[in-house]
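Dear colleague,

I am passing on the structure below, together with some notes on what turned up when I went through it. Please read the notes with the structure open beside them.

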Amino acid sequence: IIVNPSAVTMVEGGTANFDVRLSFEPSAEVRVFVLSNDPSLANVFPVTLTFDASNYDSVQSVSISSSHDLDLQDDTTSILLTAAGLTDVNLPLTITDDDVQGIIASPAIVNIREGDSRPINVSLSYIPASDVTVNLQASNPSLGISQSALTFTPTNFANPQTVTLSVLDDTNTENETITVTL
């Protein structure tokens with residue numbers, strides 16, 4: 001079993017292809033089974049290739065598809081090609097993660113009357129590789145923030161942490177816009 005290329009790198013959520021052929025003319029039909037060693041990372045199609053004396057040296061293409069995951073890590077696995085009486089081939093597969101960590105604030109826009117307070121929930125978009133600290137800072141000192149920093153771990157990244165925003169009363173009658181930077 002000959003594969004080309006000898007290793008595949010693809011982007012998470014994308015597709016890639018590789019070609020397969022035999023190195024010899026078989027005397028009977030040969031079925032090559034194509035299997036992902038980790039279907040949670042990548043799937044292949046078709047899963048069976050049939051070769052005989054008329055097409056053994058013609059390439060047959062196999063498509064690999066990967067899905068998005070919730071982490072920011074690149075993944076590695078392999079694609080197994082196997083046929084009765086032939087040496088198995090493990091095609092190395094690297095899946096490059098294309099995710100970028102994000103901070104989710106809900107609601108994203110908050111209207112608060114002077115003297116009142118409102119909660120917002122903060123979480124991360126993806127599983128971090130290690131603990132992540134999110135610092136909160138107001139553009140105006142008249143906005144109080146109940147916590148100046150939140151820590152997220154790989155296990156609690158998606159669990160919203162609540163922060164309370166409080167606006168002080170002032171003497172003017174103007175509406176003000178205050179930005180909270182996360």
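**Sheet and cores**

One open sheet is built from four strands in the order 1-3-7-5, and the pairing within it is antiparallel. Its edges are formed by strand 1 (2–4) and strand 5, each of which pairs on one side only, and from one strand to the next the twist averages 30°. Please bear in mind throughout that this is a predicted model.

At one end of that order, strand 1 pairs with strand 3 in the antiparallel sense over three bridges, and Ile 2 has Arg 21 of strand 3 as its bridge partner.

Turning to the packing, the largest nonpolar core holds 26 residues, among which Ile 1, Phe 18, Val 20, Val 32, Ile 64, Ile 79 and Leu 81 touch the most other members. The elements that contribute two or more residues to this core include strand 3 (15–21), strand 5 (42–45), strand 7 (60–66) and strand 8 (75–82), while strand 9 gives the most, with four residues.

Ile 64 may be a useful residue to look at in the viewer: once its neighbours within four places in sequence are left aside, Ile 64 is in contact with Val 8, Met 10, Gly 14, Thr 15, Ala 16, Phe 18, Ala 42, Asn 43, Val 44, Ile 79 and Leu 93. There is also a second, separate core of 12 residues, with Val 122, Val 134, Leu 136 and Phe 152 among them.

With best wishes

Note on methods. Residues are numbered from 1 along each chain as its sequence is written. This is a predicted model: local features need pLDDT of at least 70, side-chain atom pairs count only at pLDDT 80 or more; totals for chains, interfaces and linings use all residues. Side-chain values use heavy atoms; hydrogens and water are left out. A nonpolar core is a set of buried Ala, Val, Leu, Ile, Met, Phe, Trp, Tyr and Cys residues joined through side-chain atoms within 4.5 Å. Buried means under 20% relative accessible area, exposed over 50%, partly exposed in between (1.4 Å probe, protein chains only). Contact means heavy atoms within 4.5 Å. Two strands pair if DSSP finds at least two bridges between them. Axes are lines fitted to C-alpha atoms, for helices over the stretch in contact, and angles run from 0 to 180 degrees between N-to-C directions.
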